Amino acid sequence: MNASVAALRTARDTDGYFYQPQNADKLCGVIALRRTQRGSFISGYRKTLFINERFEGYVDQIRQEVGINEVVRVNDRP
């Protein structure tokens with residue numbers, strides 16, 4: 001496999017935040033907020049959920065409660 005194909009793999013490394021023992025079974029996900037209007041004092045936010053694969057079954061409930069715009073799963077490239 002050449003280097004460019006290896007760089008396009010579709011899985012996260014197993015040394016990330018969700019894989020740390022103190023977080024693995026306790027942290028459902030991380031929500032990143034991005035402003036929708038730059039340069040404005042008042043702006044809406046776009047919410048991206050980076051879901052821990054162990055809690056994949058909660059995505060719909062989190063979306064409904066928090067109003068998530070996008071979900072990034074273990075096999076997605078952010």
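**Notes on the salt bridges and on Val30**

1. A good place to start is Glu70, which counts as partly exposed at 34% relative accessibility. Please keep in mind that this is a predicted model, and that the values below are computed from it.

2. How many salt bridges does a search of the whole structure find? The search gives three. As a general reminder, side chains of opposite charge can pair when their charged atoms come close. I take the pairs one by one.

3. Glu70 belongs to one of these pairs: its side chain meets that of Arg46 in a salt bridge, with an N to O distance of 3.7 Å. Arg46 sits in strand β2 and Glu70 in strand β3 (residues 70-72), so this pair ties together parts that are 24 residues apart in sequence. The cut-off for a salt bridge is within 4 Å, and the 3.7 Å of this pair meets it. Arg46 is partly exposed, at 38% relative accessibility.

4. A second pair joins Asp25 and Arg54, whose side chains form a salt bridge at 3.6 Å, N to O. Distant parts of the chain are linked here: Asp25 is in the loop between α1 (3-7) and β1 (29-35), while Arg54 is in the loop between β2 (45-51) and α2 (59-67), and the two are 29 residues apart. Are these partners buried or exposed? Asp25 has a relative accessible area of 61% and is therefore exposed, the cut-off being over 50%. Arg54, at 47%, counts as partly exposed.

5. The remaining pair is Arg73 with Glu56, and the salt bridge between their side chains has an N to O distance of 2.4 Å. Arg73 lies in the segment after β3, and Glu56 in the loop between β2 and α2, so parts that are 17 residues apart in sequence are tied together by this pair. Arg73 is partly exposed, with a relative accessible area of 30%, and Glu56 also counts as partly exposed, at 29%.

6. Let me turn to a residue in one of the strands. Val30 is found in strand β1 and counts as partly exposed, with 35% relative accessibility. Which residues does Val30 touch, leaving aside those up to four places away in sequence? They are Phe18, Thr48, Leu49 and Phe50. Thr48, Leu49 and Phe50 fall within the range of β2 (45-51). The C-alpha atoms of Val30 and Ile51 are 6.6 Å apart in space, with their positions 21 residues apart in sequence given as the separation.

How values were computed. Residues are numbered from 1 along each chain as its sequence is written. This is a predicted model: local features need pLDDT of at least 70, side-chain atom pairs count only at pLDDT 80 or more; totals for chains, interfaces and linings use all residues. Side-chain values use heavy atoms; hydrogens and water are left out. Helices (H or I, at least four residues) and strands (E, at least two) are DSSP runs, numbered from the N terminus. Buried means under 20% relative accessible area, exposed over 50%, partly exposed in between (1.4 Å probe, protein chains only). Contact means heavy atoms within 4.5 Å.
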